[in-house]
Amino acid sequence: MSAEGLTDEALAAIAGRCRKWIVSIGHNAGGYGAHFGPALSLVEIMTVLYGVGVRQSPDQRLNSERDRVILSKGHGSLALYAALHEFGYIDQELLVSAERDGTLLPGQPVRNRELGIEFSSGTLGMGLSFGVGLALSARMMKSERGVYVLMGDGETNEGSVWEAAMSAAHFGLSRLIAIVDVNRLQSDGRTAEIMSCSLRGMWEGFGWDVIALDGHSIPGLRVALQTPISTRPRCILASTVKGKGVSFMEDAAEWHHGLMTEGQFETACGDVGRRASAP
Amino acid sequence: MKIPSGRGLSRLGPRGTFGMALLDAAKESDRIVGLTADLAITSGMERFRVQMPERFFNVGIAEQNLVGIAAGLADDGWIPFATTFANFAAMRSCEFVRHHLGYMQQNVKIVGIGAGFAMGQFGNTHYSLEDVGVLRSIPNLTIVSPADCSEVYAAVYAIAASFAPTYLRLSGVPSMPCVDQEGTSFNLGEARVLRSGTDVTFIGTGSMVSVAVRAANQLTARGLSVGVVNMHTLKPIDELVLNGLVGQTAALVTIEEHSVIGGLGSAVAEVVAAVMAAPPLLRLGVCDAFPKVGSYEYALEQCGLVDNVIATAVERWVRGAA
């Protein structure tokens with residue numbers, strides 16, 4: 001599928017459908033709850049990334065020249081699965097199996113190139129090093145392939161992120177793009193209270209170009225992802241709202257992972273414009 | 001592959017031999033890349049760095065990143081050899097090894113240099129006596145522990161040719177003895193049976209194979225029938241050879257420059273424990289403590305990992321049991 005021509009309106013429609021999938025799949029995930037908050041904050045990022053950011057398509061999913069999307073914050077899995085479905089990588093039957101026993105789409109993604117899943121994740125601070133390796137590989141192969149690593153702001157607590165950040169700048173990996181979903185919450189509460197830091201200052205200090213933007217702005221994300229590369233790796237600090245789009249989940253730490261009541265599910269469906277009775 | 005003279009390699013030591021083998025193998029395979037965490041010189045990789053700069057990456061003192069980057073390279077079909085001290089490879093970056101090599105099965109070759117007591121006066125921060133125990137429980141990981149420098153050379157080629165996430169454990173020091181393995185060949189996963197014996201059989205790995213051979217020579221001179229097996233691949237362990245020893249030898253002794261918990265001795269015990277009428281097993285290695293620090297030879301002596309001490313202990317054990 002060529003997505004070059006997708007308008008902002010078309011992307012917004014896809015993002016809207018992704019939110020519906022996240023609400024319904026998470027609710028149907030075997031009654032154990034799901035990571036709603038960190039998926040909902042990622043929706044526009046995922047949509048614009050697959051819609052206009054990356055050079056890859058379902059019929060080229062094994063082409064070594066494809067851009068790579070590494071979801072390092074595996075807790076955002078439902079947003080990845082929804083986007084992979086909306087962009088034609090996985091069918092609906094597989095999508096709705098997410099987080100069911102024995103599924104190929106568990107709570108934390110498992111690498112499966114056939115499905116467009118490039119990386120097993122869940123353990124935080126792993127993706128950026130892997131992305132550095134992919135970017136070094138591309139350079140050795142004289143490929144112009146890009147590597148996009150999606151992380152959470154809480155994830156950047158991990159020291160390994162900074163080992164990788166340091167090396168990416170040292171190696172001059174200009175086609176490596178880190179996107180940090182700055183939703184300002186992590187498992188135990190506010191990131192500012194749990195481990196305060198200046199993300200912009202840190203990424204710049206480590207030698208990266210930094211673009212800060214509203215992570216729910218489709219035009220903003222489009223511009224950022226289409227900004228020509230420089231000589232340095234690039235970090236996009238995307239300010240988001242955890243749980244975005246579901247009223248009672250927005251900016252609520254307890255919805256990092258949770259299980260909705262039927263009443264809450266109806267409210268959530270209303271919020272994202274989904275019929276509660278829809279399949 | 002033609003293995004250079006064993007004595008020449010022995011003078012280079014296990015690390016120098018590794019570096020030489022890696023460079024030779026990389027000349028034959030353009031997929032091999034070299035990485036290190038600030039230990040290029042001491043890993044013997046200087047010539048590789050100079051001759052193949054486009055295929056060499058020094059990531060600084062950052063072992064987690066070392067493994068993560070190597071995995072990203074492997075994902076594209078490169079064959080990365082990544083070096084650091086054995087204890088850092090196994091423990092500082094342990095979860096990266098589990099995730100990338102174990103869970104995602106990336107074809108990375110981690111090279112743990114200075115295993116066992118090779119770091120001498122550096123002391124316990126640099127000794128690696130737990131690495132096999134830590135890594136052996138990770139699924140999908142092959143663990144190789146060569147007995148001498150010729151075997152290091154052969155192992156590098158074999159590992160490069162085998163699509164398997166691997167930990168290569170380099171024990172021993174420069175001038176380590178060459179083990180006479182005439183009549184056997186090096187194949188991953190296949191123990192080398194150096195000799196057979198009915199009274200007792202030594203199973204050694206890495207640097208301790210040559211010690212086992214010398215202890216066996218002493219015991220043979222004292223009238224015992226002694227076998228020696230080189231278990232160079234610790235995982236998957238050669239169950240065929242181990243099961244074959246049952247009924248052929250009256251007692252088993254494992255020897256390793258590693259803790260007696262989790263390493264070769266444990267791996268052998270896990271196999272023979274389930275075998276009816278298996279011979280008794282004596283596990284020699286480093287007892288469960290941080291040993292006193294000293295030179296390589298001093299450390300081995302403190303732990304009784306010396307041929308005549310072993311010969312005496314094993315003779316007493318075997319004759320006492322008889």
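Below, two people chat through a predicted model with chains A and B.

Colleague: Let's start where the chains meet. Which helix gives the most to the side of chain B that touches chain A?

Modeller: In this contact, 21 residues of chain B meet 18 residues of chain A. On the chain B side, the elements that give two or more residues are helix H3 (63–75) and helix H5 (94–103). The one that gives the most, with nine residues, is H3(B).

Colleague: And by class, how many nonpolar residues does that side of chain B have?

Modeller: We're still on the side of chain B that touches chain A, so let's sort its residues using the rule that Asp, Glu, Lys and Arg count as charged. That side has four charged residues and six polar ones. The nonpolar count there is eleven.

Colleague: Okay, over to chain A. Is A:Arg66 buried, exposed or partly exposed?

Modeller: First, find A:Arg66 in the loop between helix H3 (43–53) and strand S1 (68–71) of chain A. A residue is buried if 20 or more other C-beta atoms lie within 10 Å of its own, and exposed if 12 or fewer do. A:Arg66 has 19, so it comes out as partly exposed.

Colleague: What is the C-alpha to C-alpha distance between A:Arg66 and A:Val54?

Modeller: Leaving aside neighbours within four places in sequence, A:Arg66 is in contact with several residues, including A:Arg55, A:Gln56 and A:Arg145. A:Val54 is twelve residues from A:Arg66 in sequence. In space, C-alpha to C-alpha, the two are apart by 7.9 Å.

Colleague: Now the sheet in chain A. Which strands sit at its edges?

Modeller: Five strands make an open sheet with parallel pairing, in the order S1-S2-S3-S7-S6. An edge strand here pairs on one side only. In chain A, the edge strands are S1 and strand S6 (209–214).

Colleague: Let's zoom in on S1(A). Which residue in S2(A) is the bridge partner of A:Leu71?

Modeller: S1(A) runs parallel to strand S2 (residues 147–152) of chain A, and four bridges join them. One of the residues to look for is A:Leu71. Its bridge partner in S2(A) is A:Leu150.

Colleague: Two helices pack on that sheet, H3(A) and H6(A). What angle does the direction of H6(A) make with that of S2(A)?

Modeller: H3(A) touches S1, S2, strand S3 (176–182) and strand S7 (234–239) of chain A, and its direction makes about 175° with that of S2(A). Helix H6 (residues 127–140) of chain A touches S1, S2 and S3 of chain A. The direction of H6(A) makes an angle with that of S2(A) of about 170°.

Colleague: Back to chain B, then. How many residues does domain 2 of chain B give to the contact with domain 1?

Modeller: Chain B is divided into domain 1 (6–169) and domain 2 (192–321). Their C-alpha centres lie 26 Å apart. The contact takes 23 residues from domain 1 of chain B, while the count from domain 2 of chain B is 25.

Colleague: Last one: which helix gives the most to the largest nonpolar core?

Modeller: That core has 192 residues, and those with the most contacts inside it are A:Ile22, A:Ala79 and B:Leu22. Take B:Leu22: among the residues it touches are B:Phe48, B:Phe81 and B:Val156. The helix that gives the most to this core, with nine residues, is H7 (residues 149–161) of chain B.

Note on methods
Residues numbered from 1 in each chain as written. Chains lettered and ligands numbered in written order. Predicted model: local features only at pLDDT ≥ 70, side-chain atom pairs only at ≥ 80, totals over all residues. Contact = placed C-beta atoms within 7 Å. Pairing = 2+ DSSP bridges. Axes fitted to C-alpha atoms, helices over the stretch in contact; angles between N-to-C directions. Domains from an automatic or database assignment. Core = buried A, V, L, I, M, F, W, Y, C linked by C-beta atoms within 7 Å.
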